[in-house]
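Please look through the sequence and the model below before reading on. The paragraphs that follow start from a single side chain and then widen the view step by step.

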Amino acid sequence: MAGVHLDAFPPGESWSVRQFEDLMAQDGVIARGIVHGSELVSFILIQIAVDQAEILTLATAPNQRRNGLAGNLLHQVEAELVLRGTAVWLLDVAADNAPGLEFYARNGFSTDGRRHGYYQRVEGKRVDAILMSKPMARQGIT
Ligand SMILES: CC(C)(COP(=O)(O)OP(=O)(O)OC[C@H]1O[C@@H](n2cnc3c(N)ncnc32)[C@H](O)[C@@H]1OP(=O)(O)O)[C@@H](O)C(=O)NCCC(=O)NCCS
């Protein structure tokens, strides 16, 4: 996950192996991924609290993008989480992350608000966080 993350986020903003280990040790944190051969190509890291699942991070390897991997992963994980009683996705994404914003909008997320200057880039620039959510689909669940 740290390797895919390194290639996915701006310099200085990727998370180390140790940070992933610490997150994975926290209550309610789970990861799911898609593997091609022996290579992790897309993954999602989530923290579940009561009936909400917060997307901590989501990334696809650069040479595998726009093939539907992250969308499929989101869809599959949503089906799993609905069975576990989760009802809503939450996340925040940097306001300058056009592909990320487009990806979430395309997958049915809507914008709830904005945290001004929430992210600080390595060069010192501050970037707003866009808060998004989506109710999980409950079709077929009785
Ligand atoms: C966002 C991200 C996870 C999408 O992964 P992916 O496997 O390429 O996603 P999918 O193929 O399922 O979805 C692609 C859709 O997302 C949107 N999208 C993805 N990249 C885009 C880009 N560069 N510009 C505009 N829209 C983009 C489009 O709607 C696209 O559909 P299209 O290809 O039919 O136009 C990937 O671009 C990534 O790893 N980005 C860096 C990390 C990141 O920003 N993560 C999200 C914030 S936590």
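**From one helix residue to the whole chain**

Glu78 is buried, since its relative accessible area is 8%, and the cut-off for counting a residue as buried is under 20%. This value, like every other one here, belongs to a predicted model. Glu78 is part of helix α3, a helix that covers residues 69-83. Leaving aside residues up to four places away in sequence, Glu78 is in contact with Trp89, Lys134, Met136 and Ala137. One of these partners, Trp89, falls within strand β4, which covers 88-94, and another, Lys134, falls within strand β6, which covers 126-135.

Lys134 also offers a way to a second buried residue, Tyr104, because the C-alpha atoms of these two are separated by 9.3 Å, with their positions 30 residues apart along the chain. Tyr104 sits in helix α4, which spans residues 98-106, and with a relative accessibility of 8% Tyr104 counts as buried. Residues up to four places away in sequence again being set aside, Tyr104 touches Ile55, Leu58, Leu91, Val93, Phe109 and Met132. Ile55 and Leu58 fall within strand β3, which runs over 52-60, whereas Leu91 and Val93 fall within β4 and Met132 within β6.

How are the buried and the exposed residues of α4 arranged around this helix? Gly100, Phe103 and Tyr104 are the buried ones. They lie on the same side of α4, because the arc that they cover around the axis is only 90 degrees. Ala98, Glu102 and Arg106, by contrast, are exposed on the other side of α4. The elements against which the buried residues of α4 pack are β3, α3, β4 and β6, and α3 is the helix in which Glu78 was found.

Two loop residues show a backbone feature worth checking in the model. Val50 lies in the loop between β2, which covers 39-49, and β3, and its phi is near 55 degrees, a positive value in a residue that is not glycine. Val50 counts as exposed, its relative accessibility being 80%. Arg66 is located in the loop that runs between β3 and α3, and Arg66 likewise has a positive phi, of about 60 degrees, although it is not a glycine. With a relative accessible area of 84%, Arg66 is exposed.

The helices at the start of the chain can be followed in a similar way. Ala8 is found in helix α1, made up of residues 2-8, and at 24% relative accessibility Ala8 counts as partly exposed. Apart from residues up to four places away in sequence, Ala8 touches Ala59 and Arg65, and Ala59 falls within strand β3. Between the C-alpha atoms of Ala8 and Tyr118 there are 19 Å in space, while the two residues are 110 apart in sequence. Val17 lies in helix α2, which spans residues 17-24, and Val17 is exposed, with a relative accessible area of 52%. Val17 and Tyr118 are 101 residues apart along the chain, and a distance of 24 Å separates their C-alpha atoms.

With these places in mind, the chain can be taken as a whole. The protein chain has four helices and six strands, which follow one another along the sequence in the pattern α-α-β-β-β-α-β-α-β-β. Among contacts between residues at least 6 apart in sequence, 55% join residues that are at least 24 apart.

How does the radius of gyration of the protein chain compare with that of a compact globule? For 142 residues such a globule would have a value near 14 Å, and the protein chain has 15 Å, which agrees. The C-alpha trace spans about 50 × 40 × 30 Å along its principal axes. Of the 142 residues, 37% count as buried, and the area that the protein chain exposes is about 8,300 Å², of which carbon and sulfur atoms supply 50%. As for charge, the chain carries 13 positive and 16 negative charges, and the mean positions of these two sets are 4 Å apart.

Conventions: Residues are numbered from 1 along each chain as its sequence is written. This is a predicted model: local features need pLDDT of at least 70, side-chain atom pairs count only at pLDDT 80 or more; totals for chains, interfaces and linings use all residues. Side-chain values use heavy atoms; hydrogens and water are left out. The radius of gyration is taken over C-alpha atoms; the globule rule is 2.2 Å times the number of residues to the power 0.38. Buried means under 20% relative accessible area, exposed over 50%, partly exposed in between (1.4 Å probe, protein chains only). Contact means heavy atoms within 4.5 Å. Accessible areas come from the Shrake-Rupley method with a 1.4 Å probe; for residues, only the protein chains shown count as cover. Lys and Arg count as positive and Asp and Glu as negative; His and the chain ends are not counted. The place of a charge is taken as NZ of Lys, CZ of Arg, CG of Asp or CD of Glu. The arc is that of the directions from the helix axis to the C-beta atoms.
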